[in-house]
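Me: I should like to learn how to read the core and the pockets of a protein model. Could we work through one case together?

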Amino acid sequence: MQAKAGHTAQTKQTRRKMFYFDFSGTFARGDLLAKGAALTLALSAAAMILGMTVGLLGALAQRSRNPILRGAVIVYVEAIRNTPFLVQIYIVYFGLPALGIRLTSVAASILALTIYAGAYVTEILRAGIETVERGQVEAARALGLSRLLIFRHVILTPALAAVYPALTSQFILLMLASSVCSTISTPELAGAAADIQGLTFRAFEAFIVVAAVYLAFTLMFRTAFARLDRVIFRFRHAGG
């Protein structure tokens, strides 16, 4: 009995020693990774731009005197922020066809990411707009500035400066959330890793490489956004 237990333990130990890393199959399919990375960036950029538009409209709607409009935005924001993104993208991709709306996986991914980003950007911009003192707006009106100039220079620019770090963090979180799009066969970065794993049967190596790419993207964007902050909002760093 002891001999059998010893043999079993020795077999398990041998199996552990047999594992080795082999990244050759993953790196040989670098074209899949490159296409997946490009699609990830494209999805993230498109969804963030559209999400900013949705968020700005949502933030303005929350300041509206129309209670129905304000209520609709609140319901939208709370519904999106308190449900999993995976469920949301399934509703878009699998649910809309029941209404006669059929989308490709890429189109569904952009739509779902836009709706997701829009809810968070709405709250971020709302908070930014609320930081603008009412006295500044009244002073601008006294100077005879048009409503468009007041909104652009007195309200929007300071608001964006105040919430810029939150917006850039939201973009990075959106980029990472785009990996969920692989569940509806969107060939972005995580989807490329799944395809490579299916071809090479080396899941560990494929997803380690993809994790490293995501990490590199995150660090790259953080650095770029920090430098861009000093260029766009120089007035905020003037005293530094």
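**Core and pockets**

Reply: Let us begin with the core of this predicted model. The largest nonpolar core comprises 52 residues, and Leu113, Leu174 and Phe221 have the most contacts inside it. At least two residues of this core come from each of α3 (30-62), α5 (85-95), α6 (105-130), α7 (134-142), α8 (147-177), α9 (189-200) and α10 (203-232).

Me: Which helix gives the most to this core?

Reply: That helix is α8, with 13 residues.

Me: Which residues does Leu174 touch, leaving aside those up to four places away in sequence?

Reply: Leu174 touches Ser44, Ala47, Met48, Leu113, Tyr116 and Ala117.

Me: How should I read the largest pocket, and what is its volume?

Reply: One may take volume, lining and chemical character in turn. The volume of the largest pocket is about 590 Å³. Its lining has 15 residues, with Arg63, Arg134, Val137, Arg141 and Ile155 nearest the centre. Helices α6, α7 and α8 each supply at least two lining residues, and the largest share, five residues, belongs to α8. By character, the lining has eight nonpolar, no polar and seven charged residues.

Me: What does the second largest pocket look like in terms of volume and lining?

Reply: The second largest pocket has a volume of about 270 Å³. It is lined by 13 residues, and Met52, Tyr164, Leu167, Thr168 and Phe225 are the closest to its centre. At least two lining residues come from each of α3, α8 and α10; α8 again holds the largest share, five residues.

Me: How do the residues of that second lining divide by character?

Reply: They divide into twelve nonpolar, one polar and no charged.

Terms used: Residues numbered from 1 in each chain as written. Predicted model: local features only at pLDDT ≥ 70, side-chain atom pairs only at ≥ 80, totals over all residues. Heavy atoms only, no water. Core = buried A, V, L, I, M, F, W, Y, C linked by side-chain atoms within 4.5 Å. Buried < 20%, exposed > 50% of the residue type's maximum accessible area, 1.4 Å probe, protein only. Helix = DSSP H or I, 4+ residues; strand = E, 2+ residues; numbered from the N terminus. Contact = heavy atoms within 4.5 Å. 1 Å grid on protein atoms, 1.4 Å probe; cavity = no way out; pocket = protein on both sides within 12 Å on 5 of 7 lines; lining within 4 Å. Points joined across faces, edges and corners; volume = space filled by probe spheres on them. Nonpolar A, V, L, I, M, F, W, Y, C, P; charged D, E, K, R; others polar.
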